[in-house]
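Student: Could we take a close look at one part of this model, namely its salt bridges? I'd like to go through them pair by pair.

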Amino acid sequence: MQLKLGLTGVLSHEVTESDLATRWRNDVPVLATPVLLWLAELACMRAIDGCLEPGAMTLGYGHSVRHLAPTPGGWTVQIEAELVDMTDKLLAFEVRASDGRETVLEGRHERAVVDRERFLSRIERKGCAGGMAT
């Protein structure tokens, strides 16, 4: 498959205790925004799975989204991503998530297309190949 506008990715996720804001220094037991953002990224990656050139990978580059409503633990969110714009180095997705009752997230996520080996070598140059630098 090739990259082309209109590719879509869908991800369903049941909200577990480890996904809750209570794990992020918040006292409200609802889906945490950082987890929801990560799920949106996963839906975007799913949309382009198998479409990149050999040796290429994508990295999260930017989010312009709104977390619109709470989702309690035990509920399921469905995240949809559509590739709406692209250049050689940047892919833009419209993302939306629903918990079955209302839209809980909407906006745009961008992913940079990079050469995997070059990126890994950049990490090694920072001295982080085996873990965090001290």
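Student: To start with, are Arg-111 and Glu-41 buried or exposed?

Tutor: Both Arg-111 and Glu-41 are buried. Keep in mind that this is a predicted model. The two side chains form a salt bridge, with 2.9 Å between the closest N and O atoms. Arg-111 sits in strand 5 (residues 103-115) and Glu-41 in helix 1 (residues 33-47), so this pair ties together parts that are 70 residues apart in sequence.

The structure holds six salt bridges, so let's move on to a couple that join strands. Glu-94 pairs with Arg-108, and here the closest N and O atoms are 3.3 Å apart. That contact links distant parts of the chain, 14 residues apart: Glu-94 belongs to strand 4 (residues 90-98) and Arg-108 to strand 5. As for exposure, Glu-94 is partly exposed at 37% relative accessible area, and Arg-108 is partly exposed too, at 27%.

Next up, Arg-96 and Glu-106 meet in a salt bridge of 3.2 Å, N to O. Arg-96 is in strand 4 and Glu-106 in strand 5, so the pair ties together parts that are 10 residues apart in sequence. Arg-96 is partly exposed, with a relative accessible area of 45%, while Glu-106 also counts as partly exposed, at 22%. There's a further partner to look for here: Arg-66 is linked with Arg-96 and Glu-106 in a network of salt bridges.

Conventions. Residues are numbered from 1 along each chain as its sequence is written. This is a predicted model: local features need pLDDT of at least 70, side-chain atom pairs count only at pLDDT 80 or more; totals for chains, interfaces and linings use all residues. Side-chain values use heavy atoms; hydrogens and water are left out. A salt bridge is a side-chain nitrogen of Lys or Arg within 4 Å of a carboxyl oxygen of Asp or Glu. Helices (H or I, at least four residues) and strands (E, at least two) are DSSP runs, numbered from the N terminus. Buried means under 20% relative accessible area, exposed over 50%, partly exposed in between (1.4 Å probe, protein chains only).
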